[in-house]
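User: Hi! I have a structure open on my screen and would like to go through it with you.
Analyst: Happy to help; let's take a look together.

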Amino acid sequence: MRLQVFLSRNGVSSRREALEIVKAGTVEVNGTVIDEPSFEVDPTKDRVMCKGITIEPKPYKYILMNKPKNVTTTKFDPHATKTVYDILPKHFNFVAPVGRLDRDTEGLLLLTNDGDVAHALTHPSFKVEKTYYACVEGRLDGESKTKLETGVYLDGIKTAPCHIQILRKSKEMTEVRITLHEGRNRQVRRMFAKVKTRVKFLQRIEQGPLKLGNSKPGWWRELTTEEVAALKEIVQKNRLKEEQVSDSIVTRKPGSGKSFWKSKALKKLKPKQKINIRSKKVYGRK
Ligand code: URA
């Protein structure tokens with residue numbers, strides 16, 4: 001298992017943060033500092049330490065929480081007054097939130113130490129759908145709805161198409177169900193702001209196969225076997241997809257007769273670099 005994955009699976013941080021933690025040289029494997037995130041570790045034999053603390057491999061846990069408003073999901077936020085870890089019993093402090101949910105947003109939050117599940121649910125390429133119930137100010141008109149559904153620009157990048165179902169409408173307020181597969185920062189609130197509409201209440205009600213159901217904010221439970229199986233199915237699909245991509249990553253093989261091997265992109269490649277045939281993205285040191 002890669003060191004970066006080991007750290008995220010055992011509750012040290014998210015996968016992305018684990019990359020930085022390893023690169024910063026704060027992780028030791030069997031007493032040697034390792035700054036290569038892809039370094040292979042065997043959780044049954046190797047002793048991994050992060051900032052001087054031994055990281056014990058944990059069994060996988062999956063918690064579904066109805067996150068209340070004014071509770072922060074970030075594990076390491078010194079400014080947070082209350083976090084989701086104040087709601088969970090102490091022995092679950094090794095699970096990490098899957099994706100972001102703002103402090104002022106309620107609803108479905110999955111917490112797990114299964115890095116593969118977290119990765120599959122949040123990686124944009126996999127397009128796992130998230131559905132929110134939102135109450136927005138005023139009467140949302142057809143033009144604004146279409147604009148939101150076809151995409152608006154946030155930070156110069158157009159949002160992917162989404163689906164909006166109007167549940168109720170009055171002069172003061174519109175209630176909607178909005179389904180999207182992206183997970184950009186404060187995406188729903190910022191999208192509605194683009195059509196000059198303020199979100200008054202936001203609650204995540206579904207994420208992939210998981211549903212919030214009828215529950216009170218602050219309530220939590222472990223996932224059922226069926227729910228875990230449904231998540232593993234997504235991981236499996238993701239794995240097949242990633243294998244297809246990595247099949248198209250090749251190293252330089254000078255002298256081959258096929259047309260790709262004569263391409264400009266490949267000629268520029270250094271011997272230790274790799275290239276994705278489709279995207280032409282280059283991997284490895286320059
Ligand atoms: N969109 C938001 O604006 N906030 C969230 O917490 C989630 C999605």
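User: What percentage of the residues in the protein chain is buried?
Analyst: Keep in mind that this is a predicted model. A residue counts as buried here if 20 or more other C-beta atoms lie within 10 Å of its own. Of the 286 residues in the protein chain, the buried share is 28%.

User: How many helices and strands does the protein chain have?
Analyst: Both kinds of secondary structure are present in the protein chain. The totals are eight helices and 18 strands.

User: Which strands are at the edges of the open sheet with the order 2-1-3-4?
Analyst: Four strands make up this open sheet, and their pairing is antiparallel. An edge strand pairs on one side only. That description fits strand 2 (32-33) and strand 4 (53-54).

User: And what is the bridge partner of Val 27 in strand 3?
Analyst: Strand 1 covers residues 27-29 and strand 3 covers residues 48-50. Three bridges join the two in the antiparallel sense. Across in strand 3, Val 27 has as its bridge partner Cys 50.

User: Now the ligand: which helix gives the largest share of the shell around it?
Analyst: The residues surrounding the ligand include Arg 100, Asp 102, Gln 187, Val 188 and Arg 189. By class, the shell has four charged, three nonpolar and two polar residues. Domain 2 (62-123 + 217-236) and domain 3 (129-207) each supply at least three residues to the shell. The largest share, three residues, comes from helix 6 (residues 187-194).

Key:
Residues are numbered from 1 along each chain as its sequence is written. This is a predicted model: local features need pLDDT of at least 70, side-chain atom pairs count only at pLDDT 80 or more; totals for chains, interfaces and linings use all residues. A residue is near a molecule or strand if its C-beta atom, placed from the backbone, lies within 6 Å of it. Ala, Val, Leu, Ile, Met, Phe, Trp, Tyr, Cys and Pro count as nonpolar, Asp, Glu, Lys and Arg as charged, and the others, Gly among them, as polar. Domain bounds come from an automatic or database domain assignment. A residue is buried if 20 or more other C-beta atoms lie within 10 Å of its own, exposed if 12 or fewer, and partly exposed in between; C-beta atoms are placed from the backbone. Two strands pair if DSSP finds at least two bridges between them.
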